[in-house]
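You asked for a quick read of this one before you dig in yourself. Have a look at the sequence and the fold first, then come back to my notes.

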Amino acid sequence: MNAVLKPTFFAAVCAAPTRVTYSELQQAYDHFNARLFGGQLPGCLITLQREKRTCGYFSAARFAPLDGGTTDEIAMNPTYFAAVPLIETMQTMVHEMCHLWQHHFRTPGRGRYHNEEWAAKMEDVGLMPSSTGQPGGKRTGDMMADYALAGGRFLEVCSELLTSSFQLSWYDRFPAEDHVRFGQQVAAASHLSGLAGSRPPMETAPALAGVVRPVRSASCRILKLLRRCLTK
């Protein structure tokens, strides 16, 4: 969202941060469901979780209402939101949506294993699974990352969303320094250059940059950004 934001917009955002945050995540889920999964996916409960060393996970049938039914969980880690490009955050959501699709319509791998069926679905929606998050990594395994395919469906559909009025309004002020470095690495990818959402929000929004305070990571090395499917 590149338009100048008016005071009335900020007033609405600050009046109900919870409603605003979750409505934005739901908007993204609905958009990708319609455009990448043909509207086939059922609803799920999207949560915010500060899970170490992962920016998201899927947990099948995690929540239940009073009538005894169930719904799945897609968890998003907000400590990455300010530090990585918005494209990367949306990539996390679609990665977990592929797990949700497989849980409902195909056969998931045992435990946390990302199998070939899941990998094929990822490629179909425009994300290449990779154990390293880079070309040449393994397509399957327990701990998997991915990268967006140049010219693929994901980048096309994500661009549709990010060039509309969509944005994330709230950001964790204390990302790890590792997250910031990873966000810079992602933003340097040549196939993302010039796309909406290809730079970390803390780089493109001066006011946000002024209040974000990266914290020293427990490890001095850059952690691999791995998304995992948790069976809880």
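Here are my points, going from the whole chain down to a few details.

1. First, a word on trust: this is a predicted model. The chain averages a pLDDT of 91, and 90% of the residues score at least 70. Go carefully over residues 220–224, where the pLDDT is below 50; that stretch has nine contacts in the model beyond near neighbours in sequence. Residues 228–232 are also below 50, with 24 contacts in the model beyond near neighbours in sequence.

2. Now the layout. You'll find eight helices and five strands in the chain. Read from the N terminus, the elements go α-α-β-β-β-α-α-β-β-α-α-α-α. Of the 232 residues in the chain, 47% are buried. Take the contacts between residues at least 6 apart in sequence: 70% of these join residues at least 24 apart.

3. Helix H3 is a good place to start looking. It covers residues 86–105, 20 residues in total, and spans 28 Å from its first C-alpha to its last, close to the 28 Å expected at 1.5 Å a residue. Because 17 of those 20 residues are buried, H3 is largely enclosed by the rest of the structure.

4. H3 also matters for the next point, the largest nonpolar core. This core has 50 residues, and Tyr-29, Phe-32, Met-90 and Phe-154 are the ones with the most contacts inside it. At least two core residues each come from helix H2 (17–36), strand S3 (71–76), H3, helix H4 (116–125), helix H5 (153–162) and helix H6 (177–187). H3 gives the largest share, nine residues. As background, nonpolar side chains tend to be buried together in soluble globular proteins.

5. If you want one residue to click on, try Phe-154. Setting aside neighbours within four places in sequence, its contacts include Phe-32, Leu-36, Ile-87, Met-90 and Val-94. Val-125, Gly-126, Leu-127 and Ala-148 are among its other contacts.

6. Phe-154 belongs to the buried set of H5, along with Leu-155, Val-157, Cys-158, Leu-161 and Leu-162. These buried residues cover an arc of only 170° around the axis, which puts them on the same side of H5. What do they pack against? The partners are H2, H3, H4, S4 and S5.

7. H4 invites a similar look. Its buried residues are Trp-118, Ala-119, Lys-121, Met-122 and Val-125. Seen down the axis, they fall within an arc of 160°, so they line one face of the helix. They pack against H2, H3, strand S4 (127–130), strand S5 (145–148) and H5.

8. Check both ends of H4 while you're there. At its start, a side-chain oxygen of Asn-115 comes to within 3.3 Å of the backbone nitrogen of Glu-117. After the helix comes Gly-126, with a positive phi near 100°.

9. Last, a spot in a loop. Glu-51 sits between strand S1 (45–48) and strand S2 (56–63). Is Glu-51 buried or partly exposed? Its relative accessible area is 23%, so Glu-51 counts as partly exposed; the cut-off for buried is under 20%. Glu-51 and Asn-77 lie 26 residues apart in sequence, yet their C-alpha atoms are 6.4 Å apart in space.

Methods: Residues are numbered from 1 along each chain as its sequence is written. This is a predicted model: local features need pLDDT of at least 70, side-chain atom pairs count only at pLDDT 80 or more; totals for chains, interfaces and linings use all residues. Side-chain values use heavy atoms; hydrogens and water are left out. pLDDT is the predictor's confidence in each residue, from 0 to 100. Contact means heavy atoms within 4.5 Å. Helices (H or I, at least four residues) and strands (E, at least two) are DSSP runs, numbered from the N terminus. The expected span of a helix is 1.5 Å times one less than its number of residues. Buried means under 20% relative accessible area, exposed over 50%, partly exposed in between (1.4 Å probe, protein chains only). A nonpolar core is a set of buried Ala, Val, Leu, Ile, Met, Phe, Trp, Tyr and Cys residues joined through side-chain atoms within 4.5 Å. The arc is that of the directions from the helix axis to the C-beta atoms. A polar contact is a pair of N or O atoms within 3.5 Å; within protein, one must be able to donate a hydrogen and the other to accept it, and residues adjacent in sequence count only if both atoms are side-chain atoms.
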